[in-house]
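Trainee: Could you take me through this protein with its sequence and structure in view, one question at a time?

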Amino acid sequence: MRKVRTLMGLCKGLQTIQVIENDLPNVAWKITRFNVSPKSVGGLNNTLIHGARLATDMRGLTTQLAAGSANIDWDSQQIVAFDMMAKSAPRVTMLDPENFVVQDLFVDNLSEFGVYYHIEMEMYAISSDEQIIYQLKQIGQDAE
């Protein structure tokens, strides 16, 4: 039987929210959908970027989208998904299909304005060995 979990909420400007604190052994979550929407209907204009990302760890990540910059740290193994939108550009959404969340998950709003977030994820039963491998993947590949 497929177990799906849906999380929705509001992430205020430049706010980071911990949405999962998984301390269950042999349980992993795979993100299947992540979308954000501006808090206000009139909040989407030609110059503002609304975006958020899902991260398994916030240490060492860029804290916001600077003017004219869209650095979301996608090259970091900590980022499992992001969604960005502006009125003058198409929506950009990416999910890491190889990443399973085995510990913490954070929603990180990258703009100064509030966004609503919607996360869908599937629960998987994993072995103890797989759990260790996913933990190492999330922290080990960023070592320099």
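Mentor: Let us start at the helix: Ile132 is found in helix 1, which spans residues 128-140, where helices (H or I, at least four residues) and strands (E, at least two) are DSSP runs numbered from the N terminus. This is a predicted model, in which local features need pLDDT of at least 70 and side-chain atom pairs count only at pLDDT 80 or more, while totals for chains, interfaces and linings use all residues. Residues are numbered from 1 along each chain as its sequence is written, and side-chain values use heavy atoms, with hydrogens and water left out.

Trainee: Which nonpolar patch on the surface includes Ile132, and what is its accessible area?

Mentor: Patches are made of residues with over 30% relative accessible area and no salt bridge (a side-chain nitrogen of Lys or Arg within 4 Å of a carboxyl oxygen of Asp or Glu); like charges are joined within 9 Å, and nonpolar side chains (Val, Leu, Ile, Met, Phe, Trp, Tyr) within 5 Å. Ile132 has a relative accessible area of 46% and is therefore partly exposed, since buried means under 20%, exposed over 50% and partly exposed in between (1.4 Å probe, protein chains only). By the Shrake-Rupley method with a 1.4 Å probe, where for residues only the protein chains shown count as cover, the patch of Ile132, Leu136 and Ile139 has together about 300 Å².

Trainee: Which strand gives the largest share of the largest nonpolar core?

Mentor: A nonpolar core is a set of buried Ala, Val, Leu, Ile, Met, Phe, Trp, Tyr and Cys residues joined through side-chain atoms within 4.5 Å. The largest one has 21 residues, and those with the most contacts inside it are Val19, Ile31, Phe34, Leu54, Tyr117 and Ile119. Among the elements that give two or more residues to this core are strand 1 (4-11), strand 3 (27-38) and strand 8 (115-125), and the largest share, 5 residues, comes from strand 3.

Trainee: How many residues of strand 7 are buried?

Mentor: Strand 7 pairs in the antiparallel sense with strand 2 over 5 bridges and with strand 4 over 4 bridges, two strands being paired if DSSP finds at least two bridges between them. Within strand 7, Phe106 is the bridge partner of Gln18, and Asp108 stands opposite Arg53. Strand 7 is mostly covered, the buried count among its 6 residues being 5.

Trainee: What is the pattern of the protein along the sequence?

Mentor: The secondary structure comes to 1 helix and 8 strands. Read along the sequence, these follow the pattern β-β-β-β-β-β-β-β-α.
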